Amino acid sequence: MIIDKTVKSNKVKILIETERLLLSEITLEDKKALFKLHSDPEVQKYTGEPVVESIQEIEKAIGTRINDYEKYGYAKPAQPTNCIPFFR
């Protein structure tokens with residue numbers, strides 16, 4: 001079920017929500033948390049993706065996913081919103 005929900009006073013499109021998980025569409029507001037996650041070699045060794053070297057790489061990846069949402073109606077979701085504070 002897709003719903004709009006206010007998270008930190010910004011409109012975020014929620015893709016999946018359960019009692020313990022909230023997956024939302026990715027936005028540029030996710031870039032700091034995603035950079036911290038994807039620039040960690042220990043994390044990336046389990047994803048099969050290269051380590052991200054700059055915030056600009058994350059911004060480009062986010063832009064690609066936003067375009068995929070617009071073009072195809074789906075893309076890789078953002079990290080679980082309720083987990084993001086662990087990466088800030």
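1. A salt bridge here is a side-chain nitrogen of Lys or Arg within 4 Å of a carboxyl oxygen of Asp or Glu. In this predicted model, Lys31 and Glu59 form such a pair through their side chains, at 2.8 Å from N to O. The pair joins distant parts of the chain, 28 residues apart: Lys31 belongs to helix H1 (residues 31–38) and Glu59 to helix H3 (residues 55–72). Neither end is counted as buried, because the cut-off for that is under 20% relative accessible area. Lys31 is partly exposed at 26%, and Glu59 is partly exposed at 28%.

2. The structure has two salt bridges in total. In the other, the side chains of Lys45 and Glu42 meet at 3.0 Å, N to O. Glu42 is partly exposed, with a relative accessible area of 46%.

3. On confidence, the average pLDDT over the chain is 77, and 72% of the residues score at least 70. Two stretches need a caveat. Over residues 1–9 the pLDDT stays under 50, and the model has 21 contacts for them beyond four places in sequence. Over residues 80–88 the pLDDT also stays under 50, with 16 contacts beyond four places in sequence. Any reading of those contacts should carry the pLDDT values with it.

4. For the overall layout, the chain has three helices and three strands. Along the sequence they follow the pattern β-β-β-α-α-α. Among contacts with a separation of 6 or more, 45% are between residues 24 or more positions apart. The salt bridge between Lys31 and Glu59 has already given a case of a link between distant parts of the chain.

5. Which residues make up the largest nonpolar core? There are eight: Leu15, Ile26, Leu34, Val52, Ile58, Ile62, Tyr69 and Ala75. H3 supplies the largest share of this core, with three residues. Across the chain, buried residues account for 26% of the 88 residues. The chain exposes about 6300 Å², of which carbon and sulfur atoms supply 56%.

6. H1 deserves a separate look. Its buried residues are Ala33, Leu34, Leu37 and His38. Viewed down the axis of H1, these buried residues fall within an arc of 120°, so they line one face of the helix. The general background is that an α-helix has 3.6 residues a turn, so residues three or four places apart point the same way. Helix H2 (41–44) and H3 are included in what covers the buried residues of H1. Leu34, one of the buried residues of H1, is also a member of the largest nonpolar core.

7. Leu28 sits in the loop between strand E3 (22–24) and H1. Is Leu28 buried, partly exposed or exposed? Leu28 is partly exposed, with a relative accessible area of 46%. Leaving aside residues up to four places away in sequence, Leu28 touches Glu59 and Ile62. In sequence Leu28 and Ile62 are 34 residues apart, while in space they are 6.5 Å apart, C-alpha to C-alpha. Both contact partners have appeared above: Glu59 pairs with Lys31 in a salt bridge, and Ile62 belongs to the largest nonpolar core.

8. Glu53 is found in the loop between H2 and H3. Glu53 is exposed, because its relative accessible area is 63% and the cut-off for exposed is over 50%. Ser39 lies 14 residues from Glu53 in sequence and 6.2 Å from Glu53 in space, C-alpha to C-alpha.

Methods: Residues are numbered from 1 along each chain as its sequence is written. This is a predicted model: local features need pLDDT of at least 70, side-chain atom pairs count only at pLDDT 80 or more; totals for chains, interfaces and linings use all residues. Side-chain values use heavy atoms; hydrogens and water are left out. Helices (H or I, at least four residues) and strands (E, at least two) are DSSP runs, numbered from the N terminus. Buried means under 20% relative accessible area, exposed over 50%, partly exposed in between (1.4 Å probe, protein chains only). A nonpolar core is a set of buried Ala, Val, Leu, Ile, Met, Phe, Trp, Tyr and Cys residues joined through side-chain atoms within 4.5 Å. pLDDT is the predictor's confidence in each residue, from 0 to 100. Contact means heavy atoms within 4.5 Å. The arc is that of the directions from the helix axis to the C-beta atoms. Accessible areas come from the Shrake-Rupley method with a 1.4 Å probe; for residues, only the protein chains shown count as cover.
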